[in-house]
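Student: Could you take me through one part of this structure closely? I would like to see how the pockets are lined and what sits around them.

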Amino acid sequence: PRFTARQEAVSDLTDYVQESFSGIRVIKAFVREKAQRYHFLKENENTMEKNLSIAKIQSIVIPLLDVIIGLSSLLTLIYGGYLALIGDITLGRFVAFNQYINMLVWPMLACGDSVNMFSQGAASIRRIQEIFKEQPEIADTDKTKEVDEINGEIEFNHVWFKYKDTAKEYVLSDVSFHINAGQTVGIIGQTGSSKTTLIQLIPRLYDASKGEIKIDGINVKEYPVRHLRDAISVVLQKNTLFSGSLIDNLRWGDENACEEDCIEACRQACADEFIERMPDKYNTWIEQGGSNVSGGQRQRVAIGRSLLMEPRLIIADEPIASLDISIQAQIVMLFKKLQQEKRFSFLFIAHDLSMVKHISDRVAVLYLGTLVELTTSEELYA
């Protein structure tokens, strides 16, 4: 139990340190160094206390083992020497027995160390097994069926959602709408109206609490999860790039894509403009989280990555929010061109109403988790 408590304390400490390093700019900007150091010292002190509780037991047990072993040798010498003197045993037998006792000492000490190591290892293994035994909440079910191709027709049928079953209020309330395959739909609404939550239900990043979500007339829960997500490309509000080359990050969209396909996808996403200026171009090394490129550059790489998938449905959460005006215009023209070609369905969240007006067939308006309007952009503006 003490080793388990120590491992948990170490985990809490490393979590805190990692969080502090990842948010170092925010800490500096708000001049919170002293406060962060104070909290770190508290976490460190907790870890120290857990280590000391183990050390206290070890400081008793290990010397006690030495004392017991030393007493056993002393008693052997005294009593065995006495028996040898009075002639009950021979001197050779006394020496041999004493050697046997000394030979047993080190295995006994090793057993003590082994108990210590096994206790520590068992605590660590238990925590690792907890992770391996964790079952994903979203997985294939008995109703899962193989589907040849997804076209991108979407239907929400009285969908309700809340993040926790114990929550009192629903984040989405009785949402129903239908989108034909190949349509472009813009989703608008004030901050906190659950726009992001709505689109994350489609690739089953969450499951609806009540109601049905269908793609091509089939409940999303009946698709194999991998098959469903292979057909849907997602550009999230906060995109992540992983450590590795830039082209490796692009191949998250299609792991078998050749370099020419990657270059073309970046050209469409207006990412080639900054990639070509890099010394190693598409072989440029990306640090963890994409820390060596700007937010706008990450966004354009993410759009290129999504186009590389050649998906049947693209879901984008404010795809041009962090881009400058000229790049925004280029991306809008790209989306408009793709929308005219009707190659896939496109759902996107936007706060820029001009973008919604220019490229969307229909506009969905959310207010406090409720769909209040789904119409054409012309009717909405009117």
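Tutor: Two residues are in contact when they have heavy atoms within 4.5 Å of each other. The model is predicted. With that in hand, start with Asn219, a residue of strand β5 (residues 218-219). Leaving aside neighbours within four places in sequence, Asn219 is in contact with Glu212, Ile213 and Lys214. With Glu212 there is also a polar contact, side chain to side chain, at 3.3 Å. Buried means under 20% relative accessible area. Asn219 has 12% relative accessibility, and therefore counts as buried.

Now the pockets. The largest pocket has a volume of about 720 Å³. Its lining has 21 residues, and the closest to the pocket's centre are Arg229, Ile232, Val234, Trp252 and Met309. Helix α6 (225-230), strand β6 (232-235) and helix α10 (295-308) each supply at least two residues of this lining. By type, the lining of the largest pocket holds 9 nonpolar, 5 polar and 7 charged residues.

The second largest pocket has a volume of about 430 Å³. It is lined by 20 residues, of which Phe3, Ile57, Gln58, Val115 and Asn116 are the closest to its centre. Three elements give two or more residues to this lining: α1 (2-22), α3 (33-86) and α4 (91-132). The biggest share comes from α4, with 9 residues. The lining of the second largest pocket divides into 11 nonpolar, 5 polar and 4 charged residues.

Helix α1 deserves a further look, since it is one of the elements that line the second largest pocket. Its length can be checked. At 1.5 Å a residue, the 21 residues of α1 should span 30 Å, and the end C-alpha atoms are 30 Å apart, so the two values agree. Next, which residues of α1 are buried? They are Phe3, Thr4, Arg6, Gln7, Ala9, Ser11, Leu13, Tyr16 and Ser20. When you read that list, keep the helix repeat in mind. An α-helix has 3.6 residues a turn, so residues three or four places apart point the same way. What do the buried residues of α1 pack against? Their partners are α2 (24-29), α3 and α4. Two of these partners, α3 and α4, also appear among the elements that line the second largest pocket. Phe3 links the two views: Phe3 is one of the buried residues of α1, and Phe3 is also among the residues closest to the centre of the second largest pocket.

Key. Residues numbered from 1 in each chain as written. Predicted model: local features only at pLDDT ≥ 70, side-chain atom pairs only at ≥ 80, totals over all residues. Heavy atoms only, no water. 1 Å grid on protein atoms, 1.4 Å probe; cavity = no way out; pocket = protein on both sides within 12 Å on 5 of 7 lines; lining within 4 Å. Points joined across faces, edges and corners; volume = space filled by probe spheres on them. Helix = DSSP H or I, 4+ residues; strand = E, 2+ residues; numbered from the N terminus. Nonpolar A, V, L, I, M, F, W, Y, C, P; charged D, E, K, R; others polar. Expected span 1.5 Å × (residues − 1). Buried < 20%, exposed > 50% of the residue type's maximum accessible area, 1.4 Å probe, protein only. Polar contact = N/O pair within 3.5 Å; in protein donor to acceptor, adjacent residues only side chain to side chain.
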